[in-house]
Amino acid sequence: EFTWRNGNGLASRLDRFFGNVDILVRFQLSIVNGLSRPFFDHTPLVWDSGEETLAGTYFKLKRSWLTEPGFYQMICSWWRANKVQGSATVRLSTKLAGLRAILKEYGSAVTLVREQRRREALSRIQELDSKEAAGTLSEDEQADRKMWQGVVLDEDLKQETDWRERSRPLWLK
């Protein structure tokens with residue numbers, strides 16, 4: 001597959017990935033993948049070592065969740081609906097523990113929806129790229145591509161926010 005294309009139908013294999021025998025011996029399960037190119041004329045190449053990394057299991061509220069529609073209403077309605085008996089300290093700690101469980105489920109659901117939304121947008125962009133490689137795109141198709149690129153950009157920005165937040169405590173450790 002070509003790694004570079006321009007709008008005039010030109011294509012080439014410009015991008016390369018370099019390695020050596022020591023790396024291949026150390027990382028025998030490694031692979032190089034070409035990612036989709038929703039915005040640029042070059043195909044990004046990514047090296048995967050094939051080794052799994054262990055992620056921390058601590059819980060933290062992610063700032064990007066605050067941008068999701070209905071987040072505040074969900075939290076407020078849950079907080080009001082959850083009636084707990086006991087002293088103020090007991091009520092607060094019980095509600096916070098329950099809220100943590102709710103937010104963990106919410107975070108998993110948000111991640112899944114975002115991944116599906118991004119995958120769909122990338123697939124639509126890839127369809128349009130294939131169509132463009134065979135000929136030219138109409139104005140409507142070019143507008144669709146820009147709309148799907150906006151979806152990918154929005155999801156990437158949210159994911160970048162999550163990665164930035166996650167990198168800070170890992171860097172401190």
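Q: Buried means under 20% relative accessible area, exposed means over 50%, and partly exposed lies in between (1.4 Å probe, protein chains only); which word fits aspartate 162, buried or exposed?
A: This is a predicted model, in which local features need pLDDT (the predictor's confidence in each residue, from 0 to 100) of at least 70, side-chain atom pairs count only at pLDDT 80 or more, and totals for chains, interfaces and linings use all residues. Residues are numbered from 1 along each chain as its sequence is written, and side-chain values use heavy atoms, with hydrogens and water left out. Aspartate 162 sits in helix α4 (residues 139–172), where helices (H or I, at least four residues) and strands (E, at least two) are DSSP runs, numbered from the N terminus. Because its relative accessibility is 10%, aspartate 162 counts as buried.

Q: With which residue's side chain does the side chain of aspartate 162 make a polar contact?
A: Leaving aside residues up to four places away in sequence, aspartate 162 touches Lys62, Ser64 and Arg114, a contact being heavy atoms within 4.5 Å. A polar contact asks for a pair of N or O atoms within 3.5 Å, where within protein one must be able to donate a hydrogen and the other to accept it, and residues adjacent in sequence count only if both atoms are side-chain atoms. At 2.5 Å, the partner in such a contact is serine 64.

Q: Which element gives the most to the largest nonpolar core?
A: A nonpolar core is a set of buried Ala, Val, Leu, Ile, Met, Phe, Trp, Tyr and Cys residues joined through side-chain atoms within 4.5 Å. The largest one has eight residues, among them Trp65, Phe71, Trp78 and Leu99. Two or more residues come from each of α2 (71–81) and α3 (88–134). With four residues, the element that gives the most is α3.

Q: How far apart are the end C-alpha atoms of α3?
A: The expected span of a helix is 1.5 Å times one less than its number of residues. The 47 residues of α3 should therefore span 69 Å, and this agrees with the distance between its end C-alpha atoms, 68 Å.

Q: How far apart are the closest N and O atoms of glutamate 120 and arginine 124?
A: Being four residues apart in helix α3, these two are separated by about one helical turn. Glutamate 120 is partly exposed at 37%, and arginine 124 is partly exposed at 34%. They form a salt bridge, which needs a side-chain nitrogen of Lys or Arg within 4 Å of a carboxyl oxygen of Asp or Glu. Their closest N and O atoms are apart by 3.4 Å.
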